[in-house]
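User: I have a model on screen and want to go through its packing. Can you take my questions one at a time?

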Amino acid sequence: MASKAQDRRKVRLSRALGVALTPKAARYLEKRPYAPGEHGRTKRKADSDYAVRLREKQRLREQYNLREKQLRIQFEEARRKDGLTGENLVEQLEMRLDALVLRAGFARTMAQARQLVVHRHILVEGELVDRPSFRVKPGQLIHVKARSEGTEPFQVAAAGGHAEVLPPVPGYLEVELDKLQARLVRRPKRAEVPVVCDVQLVVEYYAAR
């Protein structure tokens, strides 16, 4: 479980970035839709281009719970592919195992989804995978280990206990929540991915570094 200090950090970060990183942060943003600190309510001077791009990069990084080095590696891979770099980037990130565990409704937050994978509760095509960064291929089945299915967190998930805090299941996933399994049916498209971010600004941030 997340500590109170972690909760506070996520709420503060959510307010600074203008995007809810946890269900608790979402409730805070409804009540206080402004940045933290004594100047949060006042209209600040316009941010520089650099600051705007940096904030979008931070938004993307925090929503996927990544380290800077991890996001940079993903960006470099996305840049080498055909198509729009920003769209490639989000589509790659969305195929991470931890992201799909969250989208399927097995977890409540990205941090919890990561924890479930690391603690060896999740299988892909019957094989145990404990790397959150594992990239699921279209057609592959994600499911909860049989010995873990009866534990409280997964019983809550199977009953739809996270539905009120998660966006609807996107079209690239087929989910049988009662069976705690989900299949990536095709590659995600950026427009379907429930991530708040101007990816072009992220591309511009890295292109200038």
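Analyst: A definition comes before the strands: two strands pair if DSSP finds at least two bridges between them. Keep in mind that this is a predicted model.

User: Which residue stands opposite Leu-123?

Analyst: Strand E1 covers residues 122-124 and strand E3 covers residues 141-144. They pair in the antiparallel sense, over three bridges. Across from Leu-123, in E3, stands His-143.

User: Which are the edge strands of the sheet?

Analyst: The sheet is open and has five strands, with antiparallel pairing. Their order is E2-E1-E3-E5-E4. An edge strand pairs on one side only, and that describes E2 (127-128) and E4 (173-176).

User: How are H3 and H9 oriented to each other?

Analyst: The axes of H3 (residues 49-63) and H9 (residues 199-207) come within 8 Å. They cross at roughly 110°. Angles of 65 to 115 degrees count as roughly perpendicular. H3 and H9 are therefore roughly perpendicular.

User: How many charged residues are in the contact of H3 with H9?

Analyst: H3 contributes residues including Arg-53, Glu-56 and Lys-57. Glu-204 is among those from H9. The contact holds eight nonpolar residues and no polar ones, and the charged count is four.

User: What is the angle between H4 and H9?

Analyst: On the H4 side (residues 68-80), Glu-68, Leu-71, Arg-72, Phe-75 and Arg-79 meet Val-203, Tyr-206 and Ala-207 of H9. The two axes lie 11 Å apart. H4 is roughly perpendicular to H9. The angle is about 100°.

Conventions. Residues numbered from 1 in each chain as written. Predicted model: local features only at pLDDT ≥ 70, side-chain atom pairs only at ≥ 80, totals over all residues. Heavy atoms only, no water. Axes fitted to C-alpha atoms, helices over the stretch in contact; angles between N-to-C directions. Helix = DSSP H or I, 4+ residues; strand = E, 2+ residues; numbered from the N terminus. Parallel < 35°, antiparallel > 145°, perpendicular 65-115°, else oblique. Contact = heavy atoms within 4.5 Å. Nonpolar A, V, L, I, M, F, W, Y, C, P; charged D, E, K, R; others polar.
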